[in-house]
Amino acid sequence: METLHEIFAYAKINLGLAIVGRRSDGYHELQSVMQSIELHDIIRVERLGNSLVCQCGELSGPGNLAYKAAALFLRNIEVNEGVLIKIDKQIPLQAGLAGGSSDAAAVLLLLNEIYQKPLNFEELKRIALMCGSDVCFFLTGGTMWATGRGEELEALPAAPKMELVLVKPLDGIDTSKAYRRFDVLGRSGRINKEDWQIVLRKGQIKEIAALLHNDFELVSAEMVPEIYHVKQELLRTGCYGSLMSGSGSTVFGIARDKEHAAWAEQKMLKKGFSQVWCASTQNG
Ligand code: C5P
């Protein structure tokens with residue numbers, strides 16, 4: 001019997017995100033500090049028959065990015081075989097945590113293992129980018145400086161372990177809509193790679209909290225006003241800092257330690273927010 005291969009697909013947050021321009025290909029030029037976090041989906045893959053199947057509850061089938069990743073992988077290595085992908089979903093959707101992208105990257109990494117590494121890193125990256133701008137980050141994860149569409153990646157000093165509280169407002173946000181809104185009323189900020197290298201190397205969590213920035217926050221909060229409410233409440237619990245992740249709608253707070261994070265999680269649940277998680281940052 002074919003063995004079942006399993007991998008965790010971690011979510012990410014953006015500690016910094018600036019939209020610095022529009023590109024001729026319709027995408028936007030970014031600068032971002034991307035960070036893996038412990039919250040994860042579980043991906044299981046096995047070779048099976050000759051059809052491609054992706055099971056993921058309501059997100060089953062060819063529309064799933066993980067299905068697309070597997071189809072592109074198999075086409076690239078020219079194997080006419082079937083694969084069964086099972087996704088145990090924990091990462092919320094339309095949340096700015098790139099769960100779908102992480103699943104796709106996890107499938108590429110798993111399939112490359114299963115077929116004994118037919119593709120090198122550059123080839124995997126090329127397929128990852130065909131699946132989406134965020135997918136490349138998840139081939140390595142950790143703490144990364146991202147530019148271009150988000151696929152030009154450079155390792156930053158690994159962030160110190162931070163305890164986060166994540167809260168997702170009821171409404172999610174469609175990324176392409178957020179970009180369109182940004183084009184109408186957004187303002188481009190800048191984030192500075194050297195500043196981030198310095199604070200990350202020092203590893204002082206309060207200094208990291210002081211640098212948090214996301215150009216999407218204004219436009220996304222205009223679409224989902226609860227974002228600001230969540231942010232205010234997280235700061236009120238005593239988090240060092242709070243920021244929306246990606247294009248939203250999840251907002252994270254950097255807690256003082258694990259106990260504080262668990263206390264803040266309870267506090268947010270009592271205030272009526274229903275989608276609340278504690279998660280540490282994740283490096284390697
Ligand atoms: O690359 P991905 O398919 O994840 O992007 C989703 C949408 O977000 C794109 O259709 C595009 O409208 C927008 N996008 C962008 N610039 C980026 C990344 C995404 O405009 N750097």
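The following dialogue goes through helix contacts, strand pairing, domains and backbone exceptions in a predicted model.

Trainee: What should be known about the model before reading its values?

Mentor: The model is predicted, and local features need pLDDT of at least 70, side-chain atom pairs count only at pLDDT 80 or more, and totals for chains, interfaces and linings use all residues. Residues are numbered from 1 along each chain as its sequence is written, and side-chain values use heavy atoms, with hydrogens and water left out.

Trainee: Why is α1 called roughly parallel to α2?

Mentor: Helix α1 covers residues 65–76 and helix α2 residues 99–114, and their axes cross at roughly 30° and come within 8 Å. Helices (H or I, at least four residues) and strands (E, at least two) are DSSP runs, numbered from the N terminus. Axes are lines fitted to C-alpha atoms, for helices over the stretch in contact, with angles from 0 to 180 degrees between N-to-C directions. Angles under 35 degrees count as roughly parallel, over 145 as roughly antiparallel, 65 to 115 as roughly perpendicular and the rest as oblique. The crossing angle therefore makes α1 roughly parallel to α2.

Trainee: Which residues make that contact, and how do they divide by class?

Mentor: From α1 come L65, A66, A69, A70 and F73; from α2 come G100, S101, D103, A104, V107, L108, L111 and N112. Contact means heavy atoms within 4.5 Å. By class there are nine nonpolar, three polar and one charged residues. Here Ala, Val, Leu, Ile, Met, Phe, Trp, Tyr, Cys and Pro count as nonpolar, Asp, Glu, Lys and Arg as charged, and the others, Gly among them, as polar.

Trainee: What makes α1 oblique to α3?

Mentor: The axes of α1 and helix α3 (residues 121–131) cross at roughly 140° and come within 10 Å. That angle falls in none of the three named ranges, so α1 is oblique to α3. The α1 side of the contact is L65, K68, A69, L72, F73 and N76, and the α3 side is L124, R126, I127, M130 and C131. These residues divide into eight nonpolar, one polar and two charged.

Trainee: Which residues join α7 and α8?

Mentor: The axes of helix α7 (residues 216–223) and helix α8 (residues 226–236) come within 7 Å and cross at roughly 115°. E217, L218, S220 and A221 of α7 meet I227, Y228 and K231 of α8. The classes are four nonpolar, one polar and two charged residues.

Trainee: How do you know that β7 and β11 pair?

Mentor: Two strands pair if DSSP finds at least two bridges between them. Strand β7 (residues 163–167) is joined to β11 by five bridges, and the strands run antiparallel, so the criterion is met. One of the bridges sets E163 opposite S280 in β11.

Trainee: What makes β9 and β11 edge strands?

Mentor: The open sheet has four strands in the order β9-β10-β7-β11, with antiparallel pairing. β9 (241–244) and β11 (276–280) each pair on one side only. Neighbouring strands are turned by 25° against each other on average, direction ignored. Helix α9 (residues 258–270) packs on this sheet, touching β7 and β11, and its direction makes about 165° with that of β11.

Trainee: In which sense does β4 pair with β2, and in which with β3?

Mentor: Strand β2 (residues 28–47) and strand β4 (residues 83–88) run antiparallel and share six bridges, with I87 of β4 as the bridge partner of I43. Strand β3 (residues 52–55) pairs with β4 in the parallel sense over four bridges, and Q55 stands opposite K86 in β4.

Trainee: How is the chain divided into domains?

Mentor: Domain 1 spans 5–155 and domain 2 spans 163–280; the bounds come from an automatic or database domain assignment. Their centres, taken over C-alpha atoms, are separated by 23 Å. In the contact between them, 28 residues of domain 1 meet 37 residues of domain 2.

Trainee: What is noted about the backbone at Q94 and at S249?

Mentor: Most residues other than glycine have a negative phi, and most peptide bonds are trans. Q94, not a glycine, has a positive phi of about 50° and lies in the loop between β4 and α2. G248 and S249 are joined by a cis peptide bond with omega about 15°, and S249 lies in the loop between β9 and β10 (251–254).
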